[in-house]
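Please look over the sequence and the model shown below before reading on. The report that follows moves from the pairing of strands to the contacts between larger parts.

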Amino acid sequence: MPKTAAKAKRSLKPKEIVEPAIARVPITVRVNGRPYSLAVEPRILLVELLREALDLTGTHVGCDTTYCGACTVLLNGASVKSCTIFAVQADGAEITTVEGLEKDGQLGSIQKVFGDCYALQCGYCTPGLMLSTYQLLSHNQQPGDKDIRKAIAGNTCRCTGYQNIFKAIQVAARSVKGG
Amino acid sequence: MYPRAFHYHRAGSLKEAVTMLSQLGEEGKLLAGGQSLIPLMKLRFANPKHLVDLNFVPGISYIKEDKGSLRFGALTRHAEVEYSATAAKIPIIHDCAAGIADVQVRNRGTIGGSIAEADPSGDWATVLSTLDTTIRCLGRKGERTIPLSKFITDAYTTALGPEEIVSEIIVKNPPKGSGGAYLAFKRSAPVYPTASAAVQLRMEGDVCEDAAIALGCVGLTAIKASQAESALRGQKISETTMNAAAEAARAAADPQPDMRGSAEYKRMLVGALVKRAIELAIRRARGEQVEVSHLYA
C-alpha cells in the first residue's frame with residue numbers, strides 16, 4: 001500500500017473523526033405562508049433546509065460562495081443569499097421562495113413577465129433573479145435603469161447577457177405600477 | 001458545502017454574549033451578519049467549535065444622532081445605513097454602505113461585524129479612518145472606547161480581548177465646510193474591491209484647511225496616507241496639489257499582487273482613485289449634491 005494511502009486510512013479511524021454530539025436546535029419557520037416546526041443541525045444552511053428538508057427545490061445552489069445569487073430568498077421581506085445563513089438563524093422568520101411567487105397555482109406576475117420577455121435560457125439563475133426583482137419592486141415601484149442594474153448586481157446569469165432580464169424588470173415595474 | 005460541525009448558542013443580550021464567550025473560551029466565535037464568517041467556515045478556513053449568534057439580540061441595530069455624533073449599533077445592517085437619512089448626513093458613509101457587495105449581502109452584513117473582522121479588503125475601516133471614529137466595546141470588566149486608529153492592529157486583528165464585543169460605532173460629525181467621498185474599484189458587485197480610496201476634506205474657499213485620506217485593499221489594514229494629506233493641507237487645491245497627493249498615496253500603498261491585479265497596477269489605480277475622490281470631496285464641501293458609487297471594471 002502506498003505510504004499516503006496508509007496515512008489516509010489511519011486518519012479515518014472512527015475514534016479520530018468522532019465529533020462531540022451536536023445538539024439539534026428546534027426552529028419554527030413560515031415558508032411561503034406555511035408553518036413548519038423542525039429540529040436542525042446548526043451547520044445546515046438555509047438553502048439546504050429549503051431544498052432537502054422541505055423539498056422546495058426551486059431555490060438553487062450555484063456557486064455556494066456568496067457570489068452568484070441563485071439561492072436568493074426573502075427573509076422577513078429582505079433578500080438574502082440562503083447559502084450564507086444558517087437555517088437556525090431563520091427561526092421565527094417568514095421566508096419567501098420562488099414557489100411563493102405563484103398565485104393560486106398560476107404563475108405570479110413577475111414569473112409571467114420573465115417568460116413573456118424571454119428573460120431566461122437555462123433557468124438556473126431565474127428564481128434568484130425573480131426574488132431580487134420582487135425585493136426591488138417592493139421598495140421602488142418606479143425604478144430607473146441604474147436602480148435595476150444595482151438591484152440585480154448580486155445575481156449572476158451566464159446565458160442571457162442580462163438584456164432581456166433588464167427588459168422583464170422594466171415591464172414588471174410598469175405592471176406593478178398599473179396595479 | 002458544510003462547515004465543520006459546531007454548537008450553536010443564541011445570545012439574548014450583549015452581556016449574555018460576553019458571558020457565553022468567556023465560558024466557551026478560544027473555541028467560541030461571534031456570529032453577526034455572517035457574510036464573511038460563513039463563507040470562511042464553509043471553506044474550512046475558520047472552524048469554530050461554538051458560535052454565539054447575536055442576531056436575536058434586540059435593540060443593537062440603530063442609527064442615532066447624538067451630541068454632534070452619529071451612533072451605529074453594532075448589528076446595524078449595511079442596507080439600513082444605505083437607506084438612512086440620518087447616516088446620509090455624512091455623505092461618505094452613504095457612499096460606503098450603498099456600495100458594499102450587493103443587495104443581498106447588504107441586507108445581512110453588519111457595520112460592527114465588518115469592523116471587528118478587520119478584513120484588509122473591507123470597506124468600512126477605510127472610510128471610517130477618515131472620520132473621528134471610536135469603537136465602543138463591552139467586556140467582562142465593563143465598557144471601554146477605543147479610537148479606530150488603535151482598534152485595528154493588523155490584518156484580521158483588533159484590540160478586542162477574547163471576551164470582548166463591539167457594541168457601538170461612534171462617528172463625530174465633520175466640521176462645517178467638510179466634504180468627503182469614497183470610491184472603490186471592483187470587477188463586479190459581489191467581490192471585494194481591487195483598491196479603494198476615502199477622502200475627507202475641510203475647505204475654506206479654494207484652500208484645503210484639513211484633509212484625511214485612507215487607502216483600502218492595498219495593505220494589511222486600511223492605510224492612512226499622511227504624506228498625501230500633507231500635500232493638500234493648507235494648500236490651494238489645484239491640478240498640481242491633487243497630483244502631488246495622488247503621487248504620495250501611490251507611495252504609501254503597499255499592495256500585494258493577486259487575482260485582482262499586480263502590485264504595480266493597484267498602486268496606479270489607488271492614486272487615480274484618490275485624485276477622483278478629492279475632486280468629488282471638494283464639490284461636496286461646496287454644498288453640491290454629488291452621487292458617488294463604486295466603480296466597476
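Strands here are runs of at least two residues that DSSP assigns as E, numbered from the N terminus, and two strands count as paired if DSSP finds at least two bridges between them. The model is a predicted one, and every statement below should be read with that in mind.

**A sheet in chain B**

With those terms in hand, a single pair of residues can serve as a starting point: the bridge partner of I63(B) is F72(B), which lies in β5(B). The strands concerned, β4(B) and β5 (residues 69–73) of chain B, run antiparallel and are joined by four bridges. They belong to an open sheet of five strands in chain B, whose order is β4-β5-β10-β6-β7 and whose pairing is antiparallel. Because β4 (63–66) and β7 (142–147) of chain B stand at the edges and have a single partner strand each, one side of each is left without a neighbour in the sheet. From one strand to the next, the twist averages 25°. Helix α1 (residues 14–24) of chain B packs on this sheet, where it touches β6 (133–139) and β10 (165–172) of chain B, and its direction makes about 130° with that of β10(B).

**Domains of chain B**

Chain B is divided into three parts, namely domain 1 (7–53), domain 2 (63–172) and domain 3 (178–296). The centres of domain 2 and domain 3 of chain B, taken over C-alpha atoms, are separated by 20 Å, and the contact takes 21 residues from domain 2 of chain B and 27 residues from domain 3 of chain B. On the domain 2 side of this contact, α4 (91–99), α7 (124–128) and β8 (152–154) of chain B each supply at least two residues, and the largest share, six residues, comes from α4(B).

**Chain A against chain B**

The contact between the chains takes 25 residues from chain A and 23 residues from chain B. On the chain A side, β4 (78–81) and α5 (126–139) of chain A each supply at least two residues, and β4(A) gives the most, with four residues.

The table sets out the classes of residue on the two sides described.

| Side | Nonpolar | Polar | Charged |
|---|---|---|---|
| Domain 2 of chain B, touching domain 3 of chain B | 12 residues | five residues | four residues |
| Chain A, touching chain B | 11 residues | 10 residues | four residues |

Definitions and conventions
Residues numbered from 1 in each chain as written. Chains lettered and ligands numbered in written order. Predicted model: local features only at pLDDT ≥ 70, side-chain atom pairs only at ≥ 80, totals over all residues. Domains from an automatic or database assignment. Contact = placed C-beta atoms within 7 Å. Nonpolar A, V, L, I, M, F, W, Y, C, P; charged D, E, K, R; others polar. Axes fitted to C-alpha atoms, helices over the stretch in contact; angles between N-to-C directions.
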